[in-house]
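Open your viewer and follow along, one selection at a time. Each stop says what to select and what is there.

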Number of protein chains: 2
Amino acid sequence: MDRRVTKKDDDASGKERPTLKTLAFMTGLGVTTVSRALKDAPEIGAETRRRVQLVAKQIGYRPNRAGVRLRTGKTNVISLVLNTEHELMSFVSDIIYGVTEVIADTPYHLIVTPYSRSQDPLDPVRYLVETGSADGVIISRTQPNDPRARYMLERGIPFATHGRTDMGLVHPYHDFDNYTFAGEAVRYLAGMGHNRLALVTPPVGLTYYGHTVNGFADALSEVGASEVPFNTVSIDQSIEQIRMRTAQLMRRKDRPDGFVSSAAAATLAIVAGIEDAGLKLGRDVDVVSKQSSELLHLFRRELLVVNENFRLAGSELARAVLGWIGGADPGSLQSLSTPSEVLPYRG
Amino acid sequence: MDRRVTKKDDDASGKERPTLKTLAFMTGLGVTTVSRALKDAPEIGAETRRRVQLVAKQIGYRPNRAGVRLRTGKTNVISLVLNTEHELMSFVSDIIYGVTEVIADTPYHLIVTPYSRSQDPLDPVRYLVETGSADGVIISRTQPNDPRARYMLERGIPFATHGRTDMGLVHPYHDFDNYTFAGEAVRYLAGMGHNRLALVTPPVGLTYYGHTVNGFADALSEVGASEVPFNTVSIDQSIEQIRMRTAQLMRRKDRPDGFVSSAAAATLAIVAGIEDAGLKLGRDVDVVSKQSSELLHLFRRELLVVNENFRLAGSELARAVLGWIGGADPGSLQSLSTPSEVLPYRG
DNA sequence: TTGGCAACCTGTAACGTTTCAGTATACTGA
DNA sequence: TCAGTATACTGAAACGTTACAGGTTGCCAA
């Protein structure tokens, strides 16, 4: 009387999650046939195919990820590799949302792989590749000569970078055109009559540092303005540091009359520093800043902003990796986002 | 001469990723023994155990996640379920970082499962449970009577909620003490001589809406101040809406002389609205606001802030789920974070 | 009639892991 | 001496999937 339900004969019970075996039992077909029917293999009769797919839909069959992964090596996972130590990167959530928007209609899951400042940025990437934990990887904080990109290219794992590299190697990327941004910012400030400009740069070493610096420099000479060196500051420093150094700078006789800032958080600090020095934004000095959400104009109306859409970046990056996984030419999966024009406050 | 490398005999080649079979071959033991030795099973001799573990470390053995998952059902995945439609939730990245901090030393991966406003919030949770995609789940935007919590409790899947429920059911949570926050804010404003206060509430329907409203109301009657109703506004409305409604409110004769705001982004809008109405913060009206990063004092020095640490929330939530997965009593995995005191600007 | 072939379908093995049900050996106590 | 038992190990099976190497029809051309 001890009738235990063994795994063998409860296929039709409907309580357990259905597998191919369940479907095979219900349709009277073999497991192989069912598997093929579900993926529209050509050697399956049209009617059988329909029947299987109907039943599968009815009982809510979903392939077991572990089974597929074990058998095929396909993980259906995209990994977003993030540095967790740069505090004010609120845009991270935008990128994540952008990515999830794109993969929502796919079988892919998004895993977030963190690394901290103390680690080699290559570590998490190496981990992902060695353990085969993802079909595709998205990295940010890209460098001109990026060991992670090189590594993944060698290992043949699809990836996309947020920001370009400069190694003569081709791979998918999405980037914001920071050269144009910095140039437009300079031209705008020059148009307002400013001619002593300071640049708040991206982190030294990242590719877009170079783009920004070049755009700034080229436009400066184009409009005949001069640069007030401000090399001690970059956007991944702390608010306090940026603020203090800005105040120092602004108390000097040869202070700038315009700033170009690569990030909204840094801009808050810059403005605080300007005001610490007893100067007034919009009168003594103007600031053009990138921002990723519409907050800067609430902060100070005098600010001049250029919008960067990180949700878009996330979507483009996801599309790029998926494209590469799907076999597209990596060279065709590169995109560059054009800055909006410089926007003053409009009440 | 067509010596193909078959899977059978390349175990010692060192090129492929090592498996238990590789270890078994190298140590001369059986696969079972190796498996047990690696997890410190008692029936393995001490010396064998050491030997196996040494070799495993040497060749960098890592268990194949798909194999484990298929065999045991254990995914080693925690899922963070997020609403992607609430734009200004920059704190999301803090929560993510908090979670990753805790799971960094574990075999767990973090997957981000999104849902949009149009969907039933139960959908993503149902998906996770039905497909067995995670060992544990973290949800936010918790409601007093939360169908997701009820569902997961029924299905017996470990989870933690950001925010409490009120269903008489016990489960792990982390929450910020918004009752105390609102109360302290009111007392502080009263101490400054304000007695006509408005509350910018959390989204109606979420548990902490109630906490906040109650803390506000109780403290109001305690200090003998009165409420200026501002029910048309809550913090997940758009900046523009909040700003406009605040301006409307502030142009009325019976305008408030103090605000308590539940989120930094909303506070920016409130201040903009106040200024739109031609009034001055710190003279005509004061605002106490929660914030998750140190930005509000840069925005306006007159603001009064209370800090809420979302990175801590993420860590606590991760600890809670892992604890439950590990068999701890869910009732012991609840934590409440106490607000800092109300902080004025200190130059 | 027969051989060939196309169309459809099937069983078996394998991916890497853990669990079950053992086996072999050495030691214990009577 | 011998049963009993503790210790240390092992092979086979199973999780759900896909790839490989067939198998069975039925039809057509020779």
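By what turn and what shift can chain A be laid on chain B? A turn of 180° and a shift of 0.1 Å along the axis do it, with an RMSD of 0.1 Å. The two copies are thus related as by a two-fold rotation axis. For this fit, copies are superposed by least squares on the C-alpha atoms of residues with pLDDT of at least 70 in both.

Some ground rules come next. This is a predicted model, where local features need pLDDT of at least 70 and side-chain atom pairs count only at pLDDT 80 or more, while totals for chains, interfaces and linings use all residues. Residues are numbered from 1 along each chain as its sequence is written, chains are lettered from A and ligands numbered from 1 in the order written, and side-chain values use heavy atoms, with hydrogens and water left out.

**Stop 1: the axis**

Select A:Ile111. In chain A, its C-alpha is the one nearest the axis, 2.1 Å from it.

**Stop 2: where the chains meet**

Now select both chains. The contact (heavy atoms within 4.5 Å) takes 42 residues from chain A and 42 residues from chain B. The same surface serves both copies: 100% of the contact residues of chain A recur in chain B.

How much area do chain A and chain B bury between them? About 3800 Å², 61% of it on carbon and sulfur atoms. Buried area is the accessible area (1.4 Å probe) that two parts lose on being put together, summed over both. Pick out A:Tyr97, A:His109 and A:Leu298. In chain A, these lose the most area to chain B, together 16% of what that side buries.

Next, select A:Arg301 and B:Asp276. They form a salt bridge, with the closest N and O atoms 3.0 Å apart. The rule (a side-chain nitrogen of Lys or Arg within 4 Å of a carboxyl oxygen of Asp or Glu) finds two salt bridges across this interface.

**Stop 3: DNA strand C**

Select DNA strand C and the protein around it. A residue is near a strand if one of its heavy atoms lies within 4 Å of it. Here 26 residues surround the strand, and the closest are A:Gly30, A:Thr32, A:Thr33, B:Tyr61 and B:Arg71. Of the atoms of DNA strand C within 4 Å of the protein, 62% belong to sugar or phosphate and the rest to bases.

Zoom in on three residues. A polar backbone atom of A:Gly30 is 2.7 Å from a phosphate oxygen of DNA strand C. A polar side-chain atom of A:Thr32 lies 2.6 Å from a base oxygen of the strand. From B:Ser35, a polar side-chain atom lies 2.7 Å from a phosphate oxygen.

**Stop 4: DNA strand D**

Switch to DNA strand D. Which residues are the closest to it? They are A:Leu20, A:Tyr61, A:Arg71, B:Gly30 and B:Thr33, among 26 residues that surround the strand. Sugar and phosphate account for 61% of the strand's atoms that come within 4 Å of the protein.

Return to A:Thr32. An N or O atom in its side chain is 3.1 Å from a base nitrogen of DNA strand D. Then click A:Ser35, where a side-chain N or O atom is 2.7 Å from a phosphate oxygen of DNA strand D. Last, click A:Gly67. One of its backbone N or O atoms lies 3.3 Å from a base nitrogen of DNA strand D.

Conventions. A polar contact is a pair of N or O atoms within 3.5 Å; within protein, one must be able to donate a hydrogen and the other to accept it, and residues adjacent in sequence count only if both atoms are side-chain atoms.
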